[in-house]
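Here is a short tour of the chain you have on screen. Have a look at the fold, then read on.

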Amino acid sequence: MHSDIHVQDKVALVTGAAMGIGAACAAILARHGATVIVTDVADAEGQALAAQITGAGGTAEYLRLDVTDEAQWQRAVDATITNHGGLDVLVNNAGIALVHSLLETSLDEWRRVHAVNLDGVFLGTRCAVDVMRPGGSSGRGGSIINLSSVGGMIGAEGLTAYCSTKGGVRLFTKAVAVEVGRAGYGIRVNSVHPGNTLTPMFQQELQDMQDQGVVQSTDEAMQFYMDMQVLPDIGQPEDIASMVLFLASDAARFVTGAEFVVDGGLTAQ
Ligand SMILES: NC(=O)c1ccc[n+]([C@@H]2O[C@H](COP(=O)([O-])OP(=O)(O)OC[C@H]3O[C@@H](n4cnc5c(N)ncnc54)[C@H](O)[C@@H]3O)[C@@H](O)[C@H]2O)c1
């Protein structure tokens, strides 16, 4: 039995890890002893984070990975296994937001949000399952953690395309968990659903509210979001990363196909 949260000897690949929630996931996994592959399209920030982790005594490497690109997925996963001997954890974190009403949403915008948030999760999950399953090039099972959102559980104004992708991630996760669990692959697949979390993505949303005159200041925008919740605070990337660490570890060995909400009580009401 493994009731403690250990990730030593695990190799973890995190997408969209240059900043925000992904960066916090990479940092906490490395602090707990995992080898972390930091991937993103923001090369400078991703390289800086990998250097920071290494400087603090952890093990990390930066690889460029645009999650919408099937060939880049294969290259990144193959390089991970060649350089580090396997792949145990995949955190499908990369995502983009689009704040537009339904009538303002163009087909190109709809497709772009789905390409990153949903196609990216599909491509990464398929690639990881193929190498993690028995007989695959890693072959020792693993844990796949998909970042959905509270927007994958309840609807939100101005977020139709985003909610569509995040609802897709939620059910895709369960379907894969059932399929690979029943196949005996030793792979667990779960989704994490952050609420309002203070990252560059969320800060942009606060700024947009001020620019559009919805609020007078970003502090007022922050209060608007806090009022949605039960706890009088805004989530920090580390709050989400702690949940990801648990799911990555063997402490979660009996957990699959499940959804983990970290939202200060937003969806409890
Ligand atoms: N911040 C929140 O309040 C919140 C709430 C719910 C869900 N989420 C989800 O959590 C995840 C992380 O969000 P965040 O707030 O940290 O976002 P963020 O915008 O702060 O960071 C996202 C990262 O993803 C990278 N990225 C974007 N497109 C990419 C692509 N095609 N390939 C690879 N990387 C790409 C960006 O460069 C960036 O480093 C997202 O999936 C988001 O939808 C965030």
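## Contacts along the chain

This is a predicted model. Take the contacts between residues at least 6 apart in sequence: 71% of them join residues at least 24 apart. Contacts here are pairs whose C-beta atoms, placed from the backbone, lie within 7 Å.

## Overall build

As you trace the backbone, you will come across eight helices and seven strands. The C-alpha atoms fill a box of roughly 55 × 40 × 35 Å along the principal axes.

How does the radius of gyration fit with a compact globule? For 269 residues, such a globule would have a radius of gyration near 18 Å, and the chain has 18 Å, so the two agree. Buried residues account for 44% of the 269 residues.

## Two domains

The domain assignment splits the chain into domain 1, made of 11-195 + 236-260, and domain 2, which covers 196-234. Taken over C-alpha atoms, the centres of domain 1 and domain 2 are 25 Å apart.

## Where the domains meet

How many residues does each domain give to the contact? Domain 1 contributes ten residues and domain 2 contributes nine residues. On the side of domain 1 that touches domain 2, the elements giving two or more residues are helix 1 (20-31) and helix 8 (237-248).

What kinds of residues does domain 1 bring to this side? Seven are nonpolar, three are polar and none is charged.

Conventions: Residues numbered from 1 in each chain as written. Predicted model: local features only at pLDDT ≥ 70, side-chain atom pairs only at ≥ 80, totals over all residues. Domains from an automatic or database assignment. Contact = placed C-beta atoms within 7 Å. Helix = DSSP H or I, 4+ residues; strand = E, 2+ residues; numbered from the N terminus. Nonpolar A, V, L, I, M, F, W, Y, C, P; charged D, E, K, R; others polar. Rg over C-alpha atoms; globule rule 2.2 N^0.38 Å. Buried ≥ 20, exposed ≤ 12 C-beta atoms within 10 Å, placed from the backbone.
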